[in-house]
Structures are given as structure tokens and as C-alpha cells.
Amino acid sequence: MFSKSSPIFCGLAHSSLSLSSTGRVRPCCAIDSKTFGVVKTPKLSENNLNEVANSYEMNKLRQELKNGQWPEACRECQKKELEGGGSLRKSWNSHFQDPQKILLNINDDGSLKKLEELTYLDLTFGNKCNLRCITCNPTCSSAWIKESHEKGEYLDVTSQSPFDWYSAAVLDQLVNSLPNLKTLNFVGGEPLINKEHRFLLERLIEKKISSEIHLSYVTNLTILDDELVGLWRNFKSVALAVSVDGVDKINDYIRYPSNWSAFQANVEKLKKYTQSTNIYISWCLTISVFNILSLNELFKWMYYEYLDCPGEFNKRPGIFTPMPYMQRVFNPATMNISILPPELKSRAYEELQALEKTLKAFELPRWETISQVDVLKDWLQEAPANQNECWNTLLKDLVWTDQYRKLEVKNYIPWTKEYLS
Ligand code: SF4
Ligand code: SF4
């Protein structure tokens with residue numbers, strides 16, 4: 001007898017939309033874009049929201065999950081869950097309170113019965129950014145276009161590339177079509193410098209739905225003005241995941257051309273706001289060859305900034321912790337920690353052992369980061385086939401970047417002194 005599998009509920013697939021930097025739809029940022037077919041999905045700048053939300057690709061994915069089948073494009077979540085670990089699906093499902101009610105809004109073919117039942121929106125506002133982080137590229141940061149062209153890379157990404165999908169008409173359509181919006185996540189580029197993002201906030205305030213909405217951001221925090229904080233006061237809460245990759249000069253080199261003193265001044269300003277507003281801070285860290293040997297110092301900085309933070313911020317350890325969300329650089333492959341030579345890997349390993357001791361001494365309410373250190377150790381042990389080639393390319397690229405940016409990496413990243421003449 002045929003037995004129907006239980007639905008696999010995913011709040012992000014069934015009650016949310018994520019728009020990529022070119023305004024194309026996907027269920028979440030963890031989806032395997034190629035398998036899902038993001039490039040084939042309709043663009044919001046050329047189609048209405050109903051066509052976008054009920055695209056063939058979105059419907060197929062929602063339908064498979066509802067029928068209890070893992071879509072191929074969700075293999076990242078499936079793999080993590082089969083291994084007994086957490087996944088993006090699991091961590092987000094706690095934000096969606098009534099899965100059965102949400103699934104009732106999904107037709108048998110996976111389409112949405114009512115668009116207005118969507119409650120979560122994840123927006124990548126193009127690639128507009130004011131930084132050229134060394135681990136980034138022009139598809140994520142417009143500031144990178146000139147430098148990468150000079151180097152002969154990413155020649156197809158130009159200022160005319162299709163990153164400006166978010167016209168006033170498009171944003172109005174979002175506001176008018178989604179009256180039950182509860183969470184709005186902004187990534188970039190750098191969302192805080194984006195005027196259209198402010199326009200969207202103003203429209204939500206005018207529509208009188210802002211007080212029900214949680215905002216969240218991933219930001220480089222190079223800009224923080226009172227006008228924006230004034231807008232934020234109209235929302236239920238604002239969670240800022242602040243990107244920081246090192247202390248002082250290490251951060252200046254990686255997050256070029258930001259300046260540590262100016263960044264710290266903005267952190268101080270933000271900490272004051274947490275006293276009297278609904279603003280919360282957490283850290284976001286990108287692991288690369290540039291910071292793997294200095295993580296102990298960085299984690300101490302993050303921890304003491306957290307303890308020093310007044311107001312509600314450090315009273316919500318279950319939600320916002322002093323420990324960062326960590327991601328690893330895979331592209332460029334030359335900046336992946338696995339390509340370091342054995343001598344540097346063994347020093348990085350010692351640094352991680354010191355970091356483990358530091359974390360244990362902190363007596364944190366959550367211990368996930370200690371197990372994340374084990375993950376870092378595993379990454380270090382990887383030995384890609386093209387390791388030597390990547391290492392040599394990295395050294396060559398550092399010389400090129402020094403000349404182009406008129407700086408000396410040796411003055412910023414201590415280990416490079418021994419490897420660059
Ligand atoms: S199961 Fe995972 S990858 Fe698939 S839509 Fe949900 S969160 Fe995204
Ligand atoms: S701030 Fe973000 S988008 Fe901008 S260059 Fe850095 S990593 Fe890229």
C-alpha cells in the first residue's frame with residue numbers, strides 16, 4: 001500500500017523569499033544555486049511578485065519538501081541533518097511558529113495559495129559597497145570592479161551589470177503585497193550605505209507595519225548615522241551581524257580601505273544605542289589565510305567588547321552571543337586556509353589550541369564555538385591537490401596588490417614578513 005511521507009517543513013522554503021543580488025528568487029542563501037537554477041528564475045524587476053514567488057523552481061522545491069522528499073538543491077541541509085548536526089532549516093524553523101498552518105498555504109503543485117501569508121524576506125541589495133575586502137570580489141562589491149579589471153579578472157562584471165533590480169516601484173510592490181511581514185534580512189554589498197534600503201524602511205513605517213517587523217543585517221559598520229538609527233526605532237528590533245576579521249592592522253588589510261579607529265568608534269556608538277533602543281549586535285567572521293594565525297587575539301577582542309556592552313545586548317545569550325558566526329573563504333582558492341605550507345599550518349594549529357584555552361576560560365553560556373575550533377583544525381588538515389600552485393599564486397597576488405594599493409602587506413599581516421622578500 002502506498003504510504004505518503006511526512007512533509008519536511010522548511011520555514012524558509014514555505015514561508016519566505018530570498019532575492020539574490022540580481023533580484024532573482026531562491027528559498028534561502030544555503031541553496032545550491034546551480035542545482036536550483038537561480039539564473040533561470042524570473043527577475044523581480046521584470047515580473048510581478050506573484051510570478052516570482054510561484055516560479056517553476058520555487059514551486060517544485062516546495063512541492064518536494066511538502067511530499068517528504070529532499071530536493072537535490074537542499075543537499076547542504078540534508079547532509080548536515082543526516083550527520084546529526086544542525087542545519088539552516090533547523091535553526092530557522094524555530095522562528096516559524098505554526099508549521100501546519102504554513103503548509104496549508106501550499107497547493108499540491110507547490111505554489112502559494114496566498115502571497116500575503118509570506119512572513120520572511122531576505123534581500124540582497126545588489127553589490128553596492130564601499131570596501132574592497134581582500135577576500136571579496138566585484139560580484140559582491142561594486143568597489144572591486146576597477147581593481148579586478150586592472151588585474152584582468154571578472155571582466156564580465158561591470159557597473160552596468162544587472163545588480164540594480166530594486167527600483168522604487170519594485171520595493172513598493174513588496175510593501176503592498178506582504179502585509180504580514182515579520183522579518184526582513186538585508187545583506188549586500190553594504191546595506192547601510194544603500195539609499196533604496198532606507199526608502200523601503202520608510203515605506204514600511206508609512207504603511208504602519210514596521211512595529212511588527214524584526215530587521216536583521218550583515219554590515220561592515222563603516223557608516224552609522226543618526227538618521228538611520230531614527231528609522232530603526234520604528235521597528236520591533238534590529239539585529240546587526242557586524243563583520244570583523246582581525247584586530248587593528250590585520251582588519252585594515254583584510255577589510256580595505258576601512259580604518260580600525262573609525263570602525264571601533266562606530267562599535268562604541270552602536271553599543272550606546274543598545275542601551276536605549278531595540279538594537280542588538282553580533283559578530284561575523286570570515287576565516288582566511290590572513291587571520292587564521294591571529295584568531296586568539298580577535299576572539300578576546302570580541303568577547304570583551306561584548307561584556308562591555310550596556311543594555312539588553314548581553315542579557316540575551318541564547319540569541320546574541322559574544323562568539324561570531326564563522327564562514328570560510330573558498331573563493332579565491334588561494335586564500336583558503338588549507339593551502340598554507342606545513343610550517344604555517346602547524347603555527348596556526350598552535351594558535352587554535354591557545355584559542356581553545358581562551359574560550360574555556362571565558363565560561364560562555366554557549367559552547368558551539370569550541371566545537372567550531374575543531375572544525376577549523378579539520379580544515380587546516382585538508383591538502384588540496386593544487387596546494388603549491390595556490391600558495392605560489394597567493395604570494396604573487398600579494399605583491400601585485402601591494403603595488404596597486406600602495407601598501408606593504410608585511411606591515412599588516414605578520415607571517416608574510418617571512419615569505420615575501
Ligand atoms: S532545506 Fe535548507 S537549503 Fe533547502 S530551502 Fe530550507 S534552508 Fe534552504
Ligand atoms: S564589506 Fe562585504 S560586500 Fe563589501 S567588500 Fe567587504 S565582504 Fe565584500
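**Entry 1: the whole chain**

Helices and strands here are DSSP runs, with at least four residues for a helix and at least two for a strand, numbered from the N terminus. I am working with a predicted model. I counted helices and strands along the chain and got 17 helices and eight strands.

Next I looked at overall size. The C-alpha atoms fill a box of roughly 65 × 55 × 50 Å along the principal axes. Is the chain's radius of gyration in agreement or at odds with that of a compact globule? A compact globule of 421 residues would have a value near 22 Å, and the chain has 22 Å, so the two agree.

I then looked up burial. Of the 421 residues, 38% are buried. I also checked contacts with a separation of 6 or more. Residues 24 or more positions apart account for 71% of them.

**Entry 2: the sheet**

I traced the strands next. In general, strands of a sheet pair through backbone hydrogen bonds, either parallel or antiparallel. Here I found an open sheet of eight strands with mixed pairing. The order is 2-1-3-4-5-6-7-8. Which strands sit at the edges? They are strand 2 (25–26) and strand 8 (325–328), and each pairs on one side only.

I took a longer look at strand 6, residues 237–243. Strand 6 pairs with strand 7 (residues 279–287) in the parallel sense, over six bridges. In this pair, Val-238 stands opposite Ile-279 of strand 7. Strand 5 (residues 214–219) is also joined to strand 6 by six bridges, and these two run parallel. There I noted Val-218 opposite Ala-241 of strand 6.

Is strand 6 enclosed or open to the outside? Five of its seven residues are buried, so strand 6 is largely enclosed by the rest of the structure.

**Entry 3: the core**

I looked for the largest nonpolar core and found 87 residues in it. The members that touch the most others are Ala-53, Leu-240, Val-242, Tyr-253, Phe-290 and Ile-292. Strand 7 gives the largest share of this core, six residues.

I picked Val-242 and listed its contacts, leaving aside neighbours within four places in sequence. They are Thr-219, Leu-221, Ile-281, Trp-283 and Cys-284.

**Entry 4: the two ligands**

I started with ligand 1. It is surrounded by 13 residues. The closest are Cys-10, Pro-27, Cys-28, Cys-74 and Cys-77. Three elements give two or more residues to this shell: helix 1 (11–15), helix 5 (75–82) and helix 6 (88–93). By type, the shell holds 10 nonpolar residues, one polar and two charged.

Which residues are around ligand 2? I listed Cys-129, Leu-131, Arg-132, Cys-133, Cys-136, Cys-140, Ser-141, Gly-188, Gly-189, Glu-190 and Asn-220. This shell divides into five nonpolar, four polar and two charged residues.

**Entry 5: unusual backbone**

Gly-188 and Gly-189, both around ligand 2, came up again here. The peptide bond between them is cis, with omega near 10°. Gly-189 lies in the loop between strand 4 (183–187) and helix 10 (195–206).

I noted another cis bond, from Tyr-256 to Pro-257, with omega near -5°. Pro-257 is in the loop between helix 12 (249–254) and helix 13 (260–276).

Then I looked at positive phi values in residues other than glycine. Tyr-154 has phi near 50°. Its place is the loop between helix 8 (145–150) and helix 9 (168–177). Lys-406 has phi near 55°. Lys-406 is found in the segment after helix 17 (387–405).

Why does Lys-406 count as exposed? It has 6 other C-beta atoms within 10 Å, and a residue is exposed because 12 or fewer lie within that distance. Tyr-154 has 16 such atoms within 10 Å, so it is partly exposed.

**Entry 6: a last pair**

I ended on Val-229 in helix 11 (residues 226–232). With 15 other C-beta atoms within 10 Å, Val-229 is partly exposed. I also looked up its separation from Tyr-273. The two are 44 residues apart along the chain, and their C-alpha atoms are separated by 8.3 Å.

Terms used:
Residues are numbered from 1 along each chain as its sequence is written. Chains are lettered from A and ligands numbered from 1 in the order in which they are written. This is a predicted model: local features need pLDDT of at least 70, side-chain atom pairs count only at pLDDT 80 or more; totals for chains, interfaces and linings use all residues. A residue is near a molecule or strand if its C-beta atom, placed from the backbone, lies within 6 Å of it. Ala, Val, Leu, Ile, Met, Phe, Trp, Tyr, Cys and Pro count as nonpolar, Asp, Glu, Lys and Arg as charged, and the others, Gly among them, as polar. A residue is buried if 20 or more other C-beta atoms lie within 10 Å of its own, exposed if 12 or fewer, and partly exposed in between; C-beta atoms are placed from the backbone. The radius of gyration is taken over C-alpha atoms; the globule rule is 2.2 Å times the number of residues to the power 0.38. Two residues are in contact if their C-beta atoms, placed from the backbone, lie within 7 Å. Two strands pair if DSSP finds at least two bridges between them. A nonpolar core is a set of buried Ala, Val, Leu, Ile, Met, Phe, Trp, Tyr and Cys residues joined through C-beta atoms within 7 Å.
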